[in-house]
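The following exercises ask the reader to work through selected contacts and backbone features of one protein model. Each task is followed by a solution in steps.

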Amino acid sequence: MRVLQLGFGAVGRENVRQLLGKRHQVVGIVDTQDVIDAIDLGEFDFAEAPPPVLDTDLVTCLSQTKPDVILQATTFDAGNMVDVVRAAASAGANVITINGIVDTEKLQPQLHAEIEALAGAAGIRVLGVGAIPGFFSDVVPLMLTGCCAQVRSIDFRRRADYSVWGPDVMKRYGFGLTPQAFDQANQAGQITLFKALWQSAWFVARELRWAVTDQHEDKRPIISTRDRQGRHVRVAAGTVGGFSHRVTLICEEERRLTLGVDGYLDPSGADEEPGMVTELSCNSSMRVEISGDVLTGAGSMTSSSARMVNSIGPLAAAAPGLRSTADLPLVACRA
């Protein structure tokens with residue numbers, strides 16, 4: 001496939017590596033001028049294929065390169081998302097994005113309708129994927145329910161190490177704030193934490209046909225009893241050294257879906273050790289734990305890119321429009 005990479009941060013760079021490994025042709029890279037100027041194509045093995053066109057304008061690059069698919073790894077903005085889909089529709093290219101549109105039907109119905117209309121009319125497909133949301137917090141639990149006769153509750157929990165993240169992430173997650181400052185920032189809407197969990201929650205509820213009757217959200221700071229040192233920031237004892245974020249959907253017939261992420265700076269001890277577990281209360285109860293490098297920051301990035309790259313072929317076989325992973329054939333790491 002001919003692929004254009006939109007956004008060339010850490011995920012975008014990993015996308016290019018994986019695309020070349022899967023023998024896709026990277027025909028273009030689009031980002032801001034400072035990012036484009038810093039790109040060294042020599043670090044990638046393009047073999048005998050021509051190097052990609054580097055550009056700051058998506059429409060111009062699409063016209064020059066004529067890709068089959070765009071991989072988008074940029075910060076989410078609803079207006080920009082519509083612009084990207086509009087440009088892709090004009091060029092006849094599918095879009096796979098990692099910026100948080102795994103499930104927009106309930107959360108952002110206007111955006112959902114706009115993308116569906118543009119994609120459907122142009123005969124292209126738009127897909128939101130990722131690790132969380134887009135796989136571990138939704139696809140995996142859904143897959144596990146396939147061997148259950150009935151399911152009463154689903155509980156997904158992840159503990160993550162935030163030590164490698166920079167000052168911007170630390171600020172948005174409240175690290176280093178006093179408890180009072182965290183509460184004030186949270187009430188002002190400045191502490192977003194892992195809001196993408198709602199995408200997974202509504203996706204799972206819709207696919208299981210669970211009628212939602214109520215919803216709850218809990219954002220809680222974890223006050224550190226010791227100084228903590230990350231790669232870029234230091235947090236003092238008595239301030240926020242971690243967070244706990246839960247979203248819950250209450251459904252008819254006393255069914256419950258809870259998704260949560262706990263994050264720590266400089267984690268220590270078994271209670272803070274990175275981990276991931278999914279529990280199902282069903283006719284045969286189930287607990288599935290996931291461990292390994294996939295829980296690290298680098299591993300999470302690699303798996304997120306893999307979800308994008310491995311979805312290229314299956315998406316091409318789906319019907320046009322705004323699609324979800326439930327609409328695709330099995331996405332696997334095929335040679």
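The structure is a predicted model.

**Exercise 1. Salt bridges between distant parts of the chain**

Determine how many salt bridges the structure holds, and establish which parts of the chain are tied together by the pair Arg13 and Glu43.

*Solution.*
Step 1. The total for the structure is 18 salt bridges.
Step 2. Among them is the pair of Arg13 and Glu43, whose side chains meet with an N to O distance of 2.4 Å. The cut-off for a salt bridge is 4 Å between a side-chain nitrogen of Lys or Arg and a carboxyl oxygen of Asp or Glu.
Step 3. Arg13 belongs to helix α1 (residues 10–21), whereas Glu43 sits in the loop between α2 (33–38) and β3 (53–55), so the salt bridge ties together parts that are 30 residues apart in sequence.
Step 4. Arg13 has a relative accessible area of 23% and is partly exposed; Glu43, with 39%, is partly exposed as well.

**Exercise 2. Two further pairs and a network**

Place the partners of the salt bridge between Glu105 and Arg206 in the chain, and classify Asp327 and Arg323 as buried, partly exposed or exposed.

*Solution.*
Step 1. In the salt bridge of Glu105 with Arg206, the closest N and O atoms are 3.9 Å apart.
Step 2. Glu105 is located in the loop between β5 (94–97) and α5 (109–122), and Arg206 in helix α9 (residues 197–207); the pair therefore ties together parts 101 residues apart in sequence.
Step 3. Glu105 is partly exposed at 44% relative accessibility, and Arg206 is partly exposed at 27%.
Step 4. Asp327 and Arg323 form a salt bridge whose closest N and O atoms are 3.1 Å apart.
Step 5. The limit for a buried residue is under 20% relative accessible area. Arg323, at 18%, thus counts as buried, while Asp327, at 39%, is partly exposed.
Step 6. Salt bridges also occur as a network, which links Asp155, Arg157, Glu279, Arg287 and Glu289.

**Exercise 3. Packing of α1 against α10**

Describe how α1 and helix α10 (residues 297–310) cross, and list the residues that make the contact.

*Solution.*
Step 1. The two axes come within 9 Å and cross at roughly 55°.
Step 2. Angles of 65 to 115 degrees would be roughly perpendicular and those under 35 degrees roughly parallel. The crossing of α1 and α10 falls in neither range, so α1 is oblique to α10.
Step 3. The crossing of α1 past α10 is right-handed.
Step 4. On the side of α1, the contact is made by Ala10, Val11, Glu14, Asn15, Gln18 and Leu19; on the side of α10, by Met301, Thr302, Ser305, Ala306, Met308 and Val309.
Step 5. Sorted by class, the contact of α1 with α10 comprises seven nonpolar, four polar and one charged residues.

**Exercise 4. Packing of α4 against α5**

Are helix α4 (residues 78–91) and α5 roughly parallel or roughly antiparallel? Give the composition of their contact.

*Solution.*
Step 1. The axes of α4 and α5 are 9 Å apart, at an angle of about 5°.
Step 2. The two helices are therefore roughly parallel to each other.
Step 3. Ala78, Met81, Val82, Val85, Arg86 and Ala89 of α4 meet Leu111, Glu114, Ile115, Leu118 and Ala122 of α5.
Step 4. The contact of α4 with α5 has nine nonpolar, no polar and two charged residues.

**Exercise 5. Backbone features in loops**

Find where Ala47, Lys66 and Pro133 are placed, and describe the backbone at each.

*Solution.*
Step 1. Ala47 is in the loop between α2 and β3. Its phi is near 50°, a positive value in a residue other than glycine. Ala47 is exposed, with a relative accessible area of 68%.
Step 2. Lys66 is in the loop between α3 (58–65) and β4 (69–72). Phi of Lys66 is near 50° and likewise positive in a residue other than glycine. Lys66 is exposed, at 57% relative accessible area.
Step 3. Pro133 is in the loop between β6 (125–128) and α6 (139–145). The peptide bond from Ile132 to Pro133 is cis, with omega near -5°.

**Exercise 6. Leu330**

Is Leu330 buried or exposed, and in which segment is Leu330 found?

*Solution.*
Step 1. Leu330 is found in the segment after β15 (321–323).
Step 2. Leu330 has a relative accessible area of 64% and is exposed.
Step 3. The C-alpha atoms of Leu330 and Ser311 are separated by 8.9 Å, and the two residues are 19 residues apart along the chain.

Methods: Residues are numbered from 1 along each chain as its sequence is written. This is a predicted model: local features need pLDDT of at least 70, side-chain atom pairs count only at pLDDT 80 or more; totals for chains, interfaces and linings use all residues. Side-chain values use heavy atoms; hydrogens and water are left out. Helices (H or I, at least four residues) and strands (E, at least two) are DSSP runs, numbered from the N terminus. Buried means under 20% relative accessible area, exposed over 50%, partly exposed in between (1.4 Å probe, protein chains only). Axes are lines fitted to C-alpha atoms, for helices over the stretch in contact, and angles run from 0 to 180 degrees between N-to-C directions. Angles under 35 degrees count as roughly parallel, over 145 as roughly antiparallel, 65 to 115 as roughly perpendicular and the rest as oblique. A crossing is left-handed if the near helix is turned anticlockwise from the far one by less than a right angle, and right-handed if clockwise. Contact means heavy atoms within 4.5 Å. Ala, Val, Leu, Ile, Met, Phe, Trp, Tyr, Cys and Pro count as nonpolar, Asp, Glu, Lys and Arg as charged, and the others, Gly among them, as polar.
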